[in-house]
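Q: I have a multi-chain model open and would like to learn how to read its domains, contacts and chain make-up. Could you walk me through it?

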Amino acid sequence: MADASYLPHEFQYSSARHQAETAIAGMWLFLATEMLFFGALFLSWIYSRHWNQAGFDAGAQQTNLTIGTVNTAILLASSFVYSAGLAFIEIGNKRRLIQCCAVAWMLGFAFLILKFGVEWHGDFHKHLFPGSHFAITGPLSGGAQLFFIFYFVGTALHGLHMIGGLILVGWIILRARRDEFSPGYYTPVAAVGLYWSFVDVVWIVLYPLIYLVGRGP
Amino acid sequence: MRLWLPEASTTAPEIDYLILALVLISCAVLALVFGLMLLYMFKYRAGSDVDRGALAEKTWRLETGWTVATLVAFFGLFLWGANLYVRLFQPPADALKIYIIAKQWMWKAEHAGGQREINAVHFPVGRPIQLVMTSEDVIHDFSVPAFRIKYDVLPGRYETVWFHSDRPGTYHLFCTQFCGTDHAHMVGDIVAMPQADYQKWLERNGTGETLAAAGKTLFMRYGCSGCHGGNGVGGNQSGSTVRAPPLAGLYGSPVTLTDGRVVTADDRYIRDCILMPDTQRVASYPPVMPSFSGQIGEEDLLDIISYIKSLAPEKPS
Amino acid sequence: MTRRLRQLLLAWILLMVLLAIEFGASFIPLGRSARPLVLIPAILMVAAVGTLFMQIGREIAVVRLFAAAGLLWLSILLGLGSLDPLTRTDYHVQAANPK
Amino acid sequence: MSAVVVEAGAVEGSYLTDGVTLRSWLLTTDHKRIALLYLGSITLFFFVGGTAAALIRYNLITPQGMIASAETYNRLFTVHGVVMVWFFLIPAVPVTLGNFIVPLMLGARDLAFPKLNLASWYLFVVAGVVVLCSLFAGGADTGWTFYTPLSSSYARGHVVLTVVGIFIAGFSSIATGLNFIVTIHRLRAPGMTWYRMPVFLWSLYATSVILVLATPVLAMTLLLLGFERIFGIGVFDPALGGDPLLFQHLFWFYSHPAVYVMILPGFGVISEIIPAFSRKRIFGYKFIVWCSVAIAVISFLVWGHHMFVAGTALYSALVFSILSYMVAVPSAIKVFNWIGTMHKGFILFDAPMLYALGFIGLFTIGGLTGLFLAALGADVHLTQTYFVVAHFHYVMVGGMVSAFFAGLHYWWPKITGRIYPEMWGRAGALIIFIGFNLTFFPQFILGYLGMPRRYHSYPPEFEVLNVLSSAGATILAAGYLLPLAYLTWSLFRGERASANPWRATGLEWMTPSPPPTVNFVSTPVVTEGPYAYPAPEIVQHHG
């Protein structure tokens, strides 16, 4: 962070830089808690798959691999663009920051449309929502339903995090338009960037768990 | 008021020794902690002018000393407890099997001869007894304090405990896993009887139909015989169109699964085959068996397993 | 284009390559129990995002402590947590002796 | 770090007089005021949970149960567990004493994220209101452990509402823990190196590590439980191929470390009080602080000992048993160090010290009986009986609640600027110690004799011990009402306290009682380690 000891800061800190570094550290610690939050979901994946491998994989084969892969690429791009925006504000280019945030926001939005508007829609259409009308019947039905529980819970929670992220990125755009950031003060941009990338990280793990592991030969 | 608990099984004294050892260790530590505390409270109270010179500055040696001492003691206790635990859950091969089905809020017991009882388990003294237990709804727990045994009874799988009692008598059976409104009423009697009395009891309560006989009827009714053959001799040998493994002599023998594992066909294995055939495919047979999950009740299941168990190995022709 | 932007672009390309590898790897015929190996590229991608986008190396040391703690505790949860199902034998497994 | 100069005019009066409107309290970001807001909230919950406990003991006076309906009894112990665990024991010391003292001890003006601190109180209040709503709507009858499939498919009460309350309370915990960790890392006063931090700070650091890393797992677990109950998703349901033991693993992954959340801050409080009232440097400082950290880590490795008879794998039981012994070692080390601190001190018997001595005794009993439950063979007999109930009440009530009262009395002059009546304080400590032992010691014997926990009625041979326990509970209840009365009295009538009434060390005693809003007029500079009490021999020669 650029040295900015002349900037205002809260009274428990010795400098604006001290405060900025602390805020970023707090964000990282929050992300560590998020790791454990999703960790519990991953443990349920291990259990469900361990006890019902064939059914679980049969469920995975019903997922929409194309959308899943495209969405992964979209999120990676979004994270990349946002990071670029952060790099721009570090050298004082506010216009580029706003542009990058806007692109990142739109990519994130596209992800949500594809995920919930198209993919979930298709899944419901194919009766893949667990319950009495579930598409897969026979001995593999239970395991396949467990898979789709993991799928729906996992993508819904990730989707909620995405929506939270979109709100935060939108907030950064608003504040940037009000000219509140400078090379000396851009802590919120960096903190939201961490969160945005973390949402990406969660998806990077969910993607193979949902689409790839069960897609055996 | 009674402050002792009968030691009615062969393992009970062993567990009591371990508990006694723990009590003695605890008392020694408590005597040390309270003793030192009271001593210092008196000796070093603010008003006393006892000598306080030559304070121990080096704490390192003392710290390491008591850390190592606790570690060694703990490791010993671990080994002692672990050894008991492992033996507690390895039933001897010759144990008499009694089946237990738990449901909100009662215990049902079934004997091989078809005798059924509720909230009571009668068994003979002088030989090991193995309980094969499952639940129809929530998790319960089969606990007999006089035998020092306890194990959770889960829905959807068999758990097992065993004991060996030499003391005839009636003991408490408790459900010790909270299971809903009448949890406190899910209690019963464990009745240990001399061998002769047990025989009489069996005869008095006999229904005329053993578990295996009831199972044979069910084996036909659920259509098992369609593929596995009328006497469980296997498909293709009795004119059936589907090739299914023979069941005669299956119980207790090793089975090779498609993924290469070799398992012993016991109660749990047969149960899983019926309910989740998908996970237990036997090598060299086509995966055609449907799951009977949700279609056979726990009691019927036990009957069918008893029937399969009763099928003697075929004589080689 | 600044050095940082070039670095970000390269990071993104690296991520896309890893994604392609992962995607391709999922078509390799693997046994059911070996399938989770396709997670390896994903773990590399996570590491790449953490170091290149989130720039964990640039922050104060305590940040790396927090991230390491998160990972350590995650591994405790997954490791000890799966110890039970992976070693739970519902029936005795004997040494394989093909007849 | 350089000192920020605060104008002299900014420190007139104390944090209590800096704004007297309701608004100035409800929108405050001052850690000291938030601590008081929390103190009020958890006191309320302590008495809600306590009332449930009293009714439980009342019911158990006769074998058939004094309360007609088993359903009511089941809901009572569920409320007791939920309220006491999540709304008293877990928050108690961190959010009240911790919130107040941590910045003062560090020489900081506030926590790192004051708004987050206030938000955590509001989350706590919302969570509490939700749980109280579910309580008034009839409560749940699952026990605080919510085992599936009972809680997901069979129980009738307001399980989802209760779970939602706990879920929200979890975020409050995370916010507090996160705030403490970051504060301790980043806002130490100049010269306050790690090894110059009082043990209380190390304890709260370790506590916060657990709060931050275990609570998210609980959040996901409760979420899955809620989904399972509403949609029947089946992750924990064997009928669909799910595993009810997964729920227990996830639940105890949180709840076992949470037990250490309840006791570690207690260790910290005791480690402040024993040196202060022995007028002596703490014995084995580095051992004590690293034991706190060790407990925070190892406590995550032992959850399986709650499941020795639950149907887990044999190997996993063996591994968890030996790890459970490992976590007992650091606790044992601490007990010896406290006693070592008393050696050759000048021991004063003020109320905080009496509570602290009670803590050592009761915690030692609680800890030792934990060894019974870690020993696999013995656990099979003792688990799920009153032995377990007695064991964890010795640790949590005998240990943690005693420590909370010890700390509350110790820092009361600092927090309120008033002195509590000393004789009443000592009487309270004594009555609680006696009442506690009468209540819970008989339960060890009941447990050995096989009386299962959570029983509304019981076989008549257990009656005498149960009556004894209930009789002790009345004494204990009186013991807990006493401090409520005299502490409240002292708020208005108590003698004014000086800055350092105990002549204790620590930065919190270097600022006026009650402290000004900014805590310190000028940022203190730390030049020596904690507990710099003069060596006993010097005192003896000159004093």
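A: Happily! Keep in mind that this is a predicted model. A good place to begin is the domain assignment: in chain B it gives domain 1 (8–37 + 59–88), domain 2 (96–205) and domain 3 (211–310).

Q: How many Å separate the centres of domain 1 of chain B and domain 2 of chain B, and how many residues does each give to the contact?

A: Over C-alpha atoms, the two centres are 32 Å apart. The contact draws on seven residues of domain 1 of chain B and twelve residues of domain 2 of chain B. On the domain 1 side, the classes are four nonpolar, three polar and no charged residues.

Q: What does the domain assignment of chain C give?

A: Chain C has domain 1 (1–54) and domain 2 (60–85). Their centres, again taken over C-alpha atoms, lie 21 Å apart.

Q: Now for contacts between chains. How many residues of chain B are in contact with chain D?

A: For a contact between chains, count the residues on each side, then ask which elements supply them. Here 68 residues of chain B meet 73 residues of chain D. On the chain B side, the elements giving two or more residues are helix H1 (12–43), helix H2 (60–88), strand E6 (140–144), strand E7 (149–153) and strand E9 (169–175). H2(B) provides the largest share, 15 residues.

Q: How do the residues on that side of chain B divide by class?

A: There are 41 nonpolar, 15 polar and twelve charged residues on the side of chain B that touches chain D.

Q: And how many residues do chain A and chain B each give to their contact?

A: Five residues come from chain A and four residues from chain B. The chain A side consists of three nonpolar, two polar and no charged residues.

Q: Which pattern does chain A follow along the sequence?

A: Chain A reads α-α-α-α-α-α, with six helices and zero strands. Its C-alpha trace spans about 70 × 30 × 30 Å along the principal axes.

Q: What can I say about burial and sequence separation in chain A?

A: Burial first: 54% of the 217 residues of chain A count as buried. For sequence separation, take the contacts in chain A between residues at least 6 apart in sequence; 74% of them join residues at least 24 apart.

Q: Let me try chain C. How many helices and strands does chain C have?

A: Chain C has three helices and one strand, in the order α-α-α-β along the sequence. Of its 99 residues, 29% are buried.

Notes: Residues numbered from 1 in each chain as written. Chains lettered and ligands numbered in written order. Predicted model: local features only at pLDDT ≥ 70, side-chain atom pairs only at ≥ 80, totals over all residues. Domains from an automatic or database assignment. Contact = placed C-beta atoms within 7 Å. Nonpolar A, V, L, I, M, F, W, Y, C, P; charged D, E, K, R; others polar. Helix = DSSP H or I, 4+ residues; strand = E, 2+ residues; numbered from the N terminus. Buried ≥ 20, exposed ≤ 12 C-beta atoms within 10 Å, placed from the backbone.
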